[in-house]
Amino acid sequence: APAQEPLPCGQARRRLGARAQGLRVTIKLPDSHGVLARLTGELSNHGANIVTLGTFYGDDPTNREIAFKVQDIDRATLEKILTDLQAEVVDLRESL
């Protein structure tokens, strides 16, 4: 298959949910089996809609960074979920 051309910046941002309103979050979690499933399960259990989500290697091999945007959940509930999962919050902000 031929190599794909990179997406123009605006198109890439739209695909990553940049225009969607919600809470934009970056966290660090231990790199362990099922951690993403636990996070997404808790978000779903609280009625949150995940607009976009990406996982990345953390600053060392024992952790992962997860960046995501969610809607239909309040900040306090989201913060409690992250605390219960023992996530290190790198960034959490409202995105319009």
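# Close-up views of a predicted model

**Figure 1. Overview of the predicted fold.** Of the 96 residues in the protein, 30% are buried. The model is predicted. The protein contains 3 helices and 4 strands. Along the sequence these elements run α-β-α-β-β-α-β. About 6500 Å² of the protein is exposed, and carbon and sulfur atoms supply 50% of that area. Among contacts with a separation of 6 or more, 67% join residues 24 or more positions apart. The structure holds 0 aromatic pairs.

**Figure 2. Confidence across the elements.** Mean pLDDT for the protein is 87. A value of 70 or more is reached by 81% of the residues. Helix 1 (residues 9–15) has the lowest mean pLDDT among the elements, at 52. Helix 3 (residues 75–84) has the highest, at 98. Where pLDDT is low, predicted coordinates should not be read in detail.

**Figure 3. Ile27 in strand 1.** Ile27 belongs to strand 1 (residues 22–30). Its relative accessibility is 0%, so Ile27 counts as buried. Beyond its neighbours within four places in sequence, Ile27 contacts Leu39, Arg64, Glu65, Ile66, Phe68 and Leu82, and also Ala87, Glu88, Val89 and Val90. One of these partners, Ala87, is 60 residues away in sequence. The C-alpha atoms of Ile27 and Ala87 are nevertheless 6.1 Å apart in space.

**Figure 4. Thr55 in strand 2.** Strand 2 (residues 49–57) holds Thr55. Thr55 has a relative accessible area of 34% and is therefore partly exposed, between the 20% and 50% limits. Its side chain makes a polar contact of 3.0 Å with the side chain of Arg64. Arg64 is also among the residues that Thr55 touches, with Leu36, Glu65 and Ile66, when residues up to four places away in sequence are not counted. Thr55 and Phe68 are 13 residues apart in sequence, with 8.7 Å between their C-alpha atoms.

**Figure 5. Arg64 over the ring of Tyr57.** The charged end of Arg64 sits over the Tyr57 ring. The distance to the ring centre is 4.3 Å. Arg64 also takes part in the side-chain polar contact with Thr55. Ile27 is a further contact of Arg64.

**Figure 6. Asn63 in strand 3.** Asn63 lies in strand 3 (residues 63–71). With a relative accessible area of 11%, Asn63 falls under the 20% limit and so is buried. A polar contact of 3.1 Å joins the side chains of Asn63 and Asp59. Leaving out residues up to four places away in sequence, Asn63 touches Lys28, Leu29, Pro30 and Asp31, together with Tyr57 and Gly58.

**Figure 7. Asp72 and its positive phi.** Asp72 is placed in the loop between strand 3 and helix 3. Its phi is positive, about 65°, although Asp72 is not a glycine. Asp72 is exposed because its relative accessible area, 60%, is over 50%.

**Figure 8. Gln86 and its positive phi.** Gln86 sits in the loop between helix 3 and strand 4 (88–95). Gln86 is not a glycine, yet it has a positive phi of about 60°. Its relative accessibility is 70%, so Gln86 counts as exposed.

Notes: Residues are numbered from 1 along each chain as its sequence is written. This is a predicted model: local features need pLDDT of at least 70, side-chain atom pairs count only at pLDDT 80 or more; totals for chains, interfaces and linings use all residues. Side-chain values use heavy atoms; hydrogens and water are left out. Helices (H or I, at least four residues) and strands (E, at least two) are DSSP runs, numbered from the N terminus. Buried means under 20% relative accessible area, exposed over 50%, partly exposed in between (1.4 Å probe, protein chains only). A polar contact is a pair of N or O atoms within 3.5 Å; within protein, one must be able to donate a hydrogen and the other to accept it, and residues adjacent in sequence count only if both atoms are side-chain atoms. Contact means heavy atoms within 4.5 Å. Accessible areas come from the Shrake-Rupley method with a 1.4 Å probe; for residues, only the protein chains shown count as cover. Rings of Phe, Tyr and Trp (its six-membered ring) pair if their centres lie within 6.5 Å; planes under 30 degrees apart count as stacked, over 60 as edge-to-face and the rest as tilted. A charge sits over a ring if NZ of Lys or CZ of Arg is within 6 Å of the ring centre and within 35 degrees of the ring normal. pLDDT is the predictor's confidence in each residue, from 0 to 100.
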